[in-house]
Each structure stands twice: as C-alpha cells, then as structure tokens.
Amino acid sequence: MANNTIVLEGELRTEFGKGPARRMRVAKEIPATVYAGGEQPVYLKLPMKDTTLALRHTNALITLKFGDESRMAVVKDVQRNPVKRVVEHVDFYEVKAGEKIDVEVPVFVDGTPKGAAIAFVDIQELKVRADVANLPERIVVDVNGLAEGDKVFLKDLEMPEGVELDMDDLEESVVTVEVPEEAPAADTDVNPADVPATAEKDDAEA
C-alpha cells in the first residue's frame, strides 16, 4: 500500500510551448499540469530528480507544494522522450482526503509452483477502486505449490483491505501455471561426411 505521501515542491509556470519546456529541462525541471475536475488546471514546474524518483512508485499519493498552496494528487499521465526515456511532462489529477478513485495496479506473482511448472500472468494490470490514502502499488498472487494446469481467477483474488476489484468478468484467469515446452536442441556437432559436396562440385566445374 502507498501509505506515505510523497512531497514535491515546485513553482507556478507562466511560459508555455516547446522553447520554455526545453529551457526547463536544461534547468533540471519538469513541466507539469494539475487537473481538478471542471476547475482551471494548475501549471507547475517541478524538480526533475525528485519527480523522477516519485514516479517509480505506482499510484503514489503526492502532495504538490507551490508558493503558499499545496494540492494532493495522483499521477494521471507521464510523457517520456521516446529515445532517451527521460520524463518530459507529467499530468496530475487532484484528489481530496477520503475520496475513492479508480486506478490500475500491476500484477506480480510470489512463490514457486511444483516441479518444472512456471506461473504466467494472464492479466498484467487490474482495475481497482480504493481510498486515495490507501492506493495499492501492486497486487501479489501467491502461486506457491500450484501444479501444472492450475489457474488463479479474478474471483479467487484477495484484495488488500479497503480495495475493491473493478473488473467485469470474475471468471477470467489472472495467472496460469504451465510447464513450458522444451525447444528442440540445436545440432552443434556436424560430421563432415554428412555435408553435401555440391559446393565443391560446382567449384570444380566452374
């Protein structure tokens, strides 16, 4: 659970466009926008290092401080440079204490199935609804001791306290346990007698 709020201190920005954004990135700052329902968005510039570290936490609750104001928010969207993968812009969505919101949470497996079986994740992310102060960073599925052919369905999942699963088909498989098919071994030892003499014959006739 994301119990601790991350604090980012920034400044209001009044310049927009590619030029100012480029200058901000040179100054190790990231342009950001905070949306709040139908209200006017708030435009900020945030410290690049601290913001990048904060984005490592899925569904983190973030307090944005600027001037004498502060807003509690969650990350809505992140734009990254397609080549360098550095963060170029962040969209936040303002939330209120006690509010429940819908988020997507990645699925992880824990434990070891029996024998040579491996657990395959069928659904990479789950849609859940939770209080903003208790947003989960991940949903962990225990696969310890499961055998080939076993499946874990949405209906089988145990949600953390205060978290509700928001999926349509509860009969859908989240994790499947299977023994992977072995790839055929490549022939590394070749008998020279088995190599066709076509090339040598052709060279001789040339």
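# A tour from hairpin to core

Select β4 and β5 to begin: these two strands form a hairpin with two residues between them, and Gly 67 in the turn has a positive phi of about 60°. The model on screen is predicted, and the residue numbers used here count from 1 along the chain as its sequence is written.

**Stop 1: the strands on either side of β5**

Keep β4 (residues 62-66) and β5 (residues 69-80) selected. They run antiparallel and are joined by five bridges. To find one facing pair, pick Lys 65, which stands opposite Ser 70 in β5.

Now add β6 (residues 87-94). How many bridges join β5 to β6? There are seven, and this pair also runs antiparallel. Val 78 is a useful marker, standing opposite Val 90 in β6. The hairpin of β5 and β6 has six residues between its strands, and there Arg 85 takes a positive phi near 65°.

**Stop 2: Glu 94**

Stay on β6 and select Glu 94, which is placed in this strand. Is Glu 94 buried or exposed? Its relative accessibility is 12%, so Glu 94 counts as buried, the cut-off for buried being under 20%. Show side chains next: that of Glu 94 makes a polar contact with the side chain of Arg 71, at 3.2 Å. Leaving aside neighbours within four places in sequence, the residues in contact with Glu 94 are Val 34, Tyr 35, Ala 36, Arg 71, Met 72 and Ala 73.

**Stop 3: Asn 59**

Go to the loop between α2 (48-54) and β4, and select Asn 59 there. At 17% relative accessibility, Asn 59 also falls under the 20% cut-off and therefore counts as buried. Add Glu 104 to the view: its backbone oxygen lies 3.3 Å from a polar atom of the Asn 59 side chain.

**Stop 4: the four-stranded sheet**

Select β10, β7, β9 and β12. These four strands form an open sheet in the order β10-β7-β9-β12, with mixed pairing. Which strands lie at the edges? They are β10 and β12 (163-165), each of which pairs on one side only. On average, neighbouring strands in this sheet are turned by 40° against each other, ignoring direction.

Narrow the selection to β7 and β10. This pair runs parallel, with four bridges between the strands. Val 109 marks the pairing, since it stands opposite Val 141 in β10.

**Stop 5: the nonpolar cores**

Keep Val 141 selected and show what surrounds it. Apart from neighbours within four places in sequence, Val 141 is in contact with Val 107, Phe 108, Val 109, Asp 110, Val 152, Leu 157, Val 174 and Val 175.

Next, select Ile 101, Leu 126, Val 141, Leu 157, Val 174 and Val 175. Of the 26 residues in the largest nonpolar core, these touch the most other members. Elements giving two or more residues to this core are β7 (100-110), β9 (125-131), β10 (139-142) and β13 (173-178). Which element gives the largest share? That is β7, with four residues. Colour by domain to see another feature: the core draws at least three residues from each of domain 1 (6-95) and domain 2 (102-178).

For the last selection, take Leu 55, Ala 60, Phe 66 and Val 87. These are among the members of a second, separate core of 19 residues.

Notes:
This is a predicted model: local features need pLDDT of at least 70, side-chain atom pairs count only at pLDDT 80 or more; totals for chains, interfaces and linings use all residues. Side-chain values use heavy atoms; hydrogens and water are left out. A nonpolar core is a set of buried Ala, Val, Leu, Ile, Met, Phe, Trp, Tyr and Cys residues joined through side-chain atoms within 4.5 Å. Buried means under 20% relative accessible area, exposed over 50%, partly exposed in between (1.4 Å probe, protein chains only). Domain bounds come from an automatic or database domain assignment. Contact means heavy atoms within 4.5 Å. Two strands pair if DSSP finds at least two bridges between them. Axes are lines fitted to C-alpha atoms, for helices over the stretch in contact, and angles run from 0 to 180 degrees between N-to-C directions. A polar contact is a pair of N or O atoms within 3.5 Å; within protein, one must be able to donate a hydrogen and the other to accept it, and residues adjacent in sequence count only if both atoms are side-chain atoms.
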